[in-house]
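Trainee: Could we go through this one together? I'd like to learn how the labels are earned.

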Amino acid sequence: MEFIIITCILVGILLLYLYLIMPRITNRPERTGFDGWLYAHRGFHDNESDAPENSLQAFSNAIDYGYGIELDIQLSKDGIPVVFHDYSLKRVTGVDKKVSDLTLSDLKQLTLYKSNQQIPTLEEVLQLVEGMVPLIIEFKVERFDLALCEKAVLLLDQYTGAYCMESFNPLVVRWFKKHRNAIMRGQLSDQFIKEKEKGNKIVLFGLSKLMFNFLGRPDFIAYNHKYASTFSLRVLKKVFKLPIAAWTVQNQYDHDNNRHHFDYIIFDSFTPFRRER
C-alpha cells in the first residue's frame with residue numbers, strides 16, 4: 001500500500017512538472033522562415049567600430065552577410081519602442097540614466113559607444129530590414145508593465161517580414177499568447193542562480209527550470225548555450241519536439257559543439273562559417 005501511495009505521488013509530481021513546462025502543443029506557427037539561419041546578436045556588430053550593437057549599421061551588416069537578426073526593444077519615456085539592450089544607458093552611451101527616463105528626442109542626442117550611430121526606433125529597424133532576413137525580437141520588460149507589447153504590435157502588425165518574439169519575462173510571452181497567438185513566441189532563460197543573478201531564489205529556480213511555461217506556452221526556448229544539457233531542455237526537445245535556440249555563441253568551437261544540441265544559433269564576437277540554408 002505504501003509503495004502504491006509513493007508511486008502515485010511521484011507520478012503526480014511528474015505530471016505536474018510536465019504540465020508546467022509544456023509548450024504550445026497544437027496549431028504551432030510555421031517555422032520555415034526561421035530555419036537554417038544564423039542569427040547575429042544585436043546585429044552583426046563590433047563595439048569598437050562604426051557598427052556597434054543594436055545600431056542600424058550593425059543590422060545593415062547582418063543583412064549584407066546573410067544573417068538573421070536578434071535585437072532588443074524597450075520603451076522610451078514617451079512610449080516609443082526603441083532598440084537598446086540594457087535598461088541603463090551608461091555602458092553604451094556613458095549617460096547614467098535609464099532608457100525609460102528619456103524621451104525619444106533626448107535619446108536621439110546620444111551616440112552608441114564612439115560611433116556616430118544613434119539609438120534606433122523599432123520602426124526604423126523594420127523599415128531597414130523590410131523582410132530581407134528573419135528577426136528575433138526580445139521584449140525587455142522588467143516587471144509587470146506590459147505597455148511595450150501594446151506599443152510594439154502596432155508597428156509589427158504592419159510588418160510583412162518574418163519575425164518572432166522572445167522574452168525573459170513569462171508575462172510578456174503570456175501577453176502574446178492571449179493577444180497575438182499566431183506569432184511565434186519564445187521563452188528566454190538561463191541558469192540564473194549559477195550565473196549569480198539577483199532576485200528571489202524560488203522564482204529564479206522556477207524560471208531556470210522553465211516551470212513558468214504554463215503562462216505563455218512558448219513555441220521555442222532560447223537558453224544560455226553553456227547549459228545545453230539542462231534537464232528541462234532535454235525533455236522539451238525529446239518529448240515535445242520543441243525547437244531550442246542557443247545564446248550567445250561567441251566562437252567557432254562553441255558554434256560547432258552546439259549545432260547538434262540547438263535548432264537556432266544566436267552569435268556575436270566572431271564570423272561563423274556558413275551553414276547551408
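Trainee: Which residues are exposed on the other side of H10?

Mentor: Phe-231 and Lys-238 are exposed there. Keep in mind that this is a predicted model.

Trainee: And which residues of helix H10 are buried?

Mentor: In H10, residues 231-238, the buried ones are Ser-232, Leu-233, Val-235 and Leu-236.

Trainee: What makes the buried residues line one face of the helix?

Mentor: Look down the axis of H10: the buried residues fall within an arc of 165 degrees, so they line one face. Their cover includes H1, H9, strand S7 (220-224) and strand S8 (244-249).

Trainee: Why does Asn-27 count as exposed?

Mentor: Exposed means over 50% relative accessible area. Asn-27 has 69% relative accessibility, so it counts as exposed. Asn-27 is in the loop between helix H1 (2-21) and S1. Its phi is near 55 degrees, a positive value in a residue other than glycine.

Trainee: And why does Leu-210 count as buried?

Mentor: Here the cut-off is under 20%. Leu-210 comes in at 1% relative accessibility, so it is buried. Leu-210 also has a positive phi, about 65 degrees, although it is not a glycine. You'll find Leu-210 in the loop between helix H8 (201-208) and helix H9 (213-216).

Trainee: Okay, on to the rings. How many aromatic pairs does the structure hold?

Mentor: There are 14 aromatic pairs. One of them is Tyr-39 with Tyr-264, which is edge-to-face.

Trainee: What makes Tyr-39 and Tyr-264 an aromatic pair that is edge-to-face?

Mentor: Two values are needed: ring centres must lie within 6.5 Å to pair, and planes over 60 degrees apart count as edge-to-face. Tyr-39 and Tyr-264 are 6.2 Å centre to centre, with 90 degrees between the planes. Set against those cut-offs, the label edge-to-face follows.

Trainee: How do you know that the pair links distant parts of the chain?

Mentor: Tyr-39 is in strand S1 (residues 38-41) and Tyr-264 is in strand S9 (residues 264-267), 225 residues apart. Both Tyr-39 and Tyr-264 are buried, too.

Trainee: Why is the pair of Tyr-67 and Phe-267 called edge-to-face?

Mentor: Try the test again: the centres are 4.9 Å apart and the planes are at 70 degrees, so the pair of Tyr-67 and Phe-267 is edge-to-face. Tyr-67 lies in the loop between helix H2 (56-65) and strand S2 (68-75), with Phe-267 in strand S9, so the pair ties together parts 200 residues apart in sequence. Tyr-67 and Phe-267 are both buried. They also belong to one aromatic cluster with Phe-44, Tyr-65 and Phe-270.

Trainee: What sits over the ring of Tyr-87?

Mentor: That's the charged end of Lys-140, 5.6 Å from the ring centre. The distance cut-off is within 6 Å. Likewise, the charged end of Arg-217 sits over the ring of Tyr-19, 4.6 Å from its centre.

Trainee: Let's zoom out. What does the secondary structure of the chain come to?

Mentor: The chain has 11 helices and nine strands.

Trainee: What makes the chain as compact as a globular protein of that length?

Mentor: Its radius of gyration is 19 Å, close to the 19 Å that the globule rule gives for 277 residues, so the description fits. Buried residues make up 52% of the chain's 277 residues.

Definitions and conventions. Residues are numbered from 1 along each chain as its sequence is written. This is a predicted model: local features need pLDDT of at least 70, side-chain atom pairs count only at pLDDT 80 or more; totals for chains, interfaces and linings use all residues. Side-chain values use heavy atoms; hydrogens and water are left out. Rings of Phe, Tyr and Trp (its six-membered ring) pair if their centres lie within 6.5 Å; planes under 30 degrees apart count as stacked, over 60 as edge-to-face and the rest as tilted. Helices (H or I, at least four residues) and strands (E, at least two) are DSSP runs, numbered from the N terminus. Buried means under 20% relative accessible area, exposed over 50%, partly exposed in between (1.4 Å probe, protein chains only). A charge sits over a ring if NZ of Lys or CZ of Arg is within 6 Å of the ring centre and within 35 degrees of the ring normal. The radius of gyration is taken over C-alpha atoms; the globule rule is 2.2 Å times the number of residues to the power 0.38. The arc is that of the directions from the helix axis to the C-beta atoms. Contact means heavy atoms within 4.5 Å.
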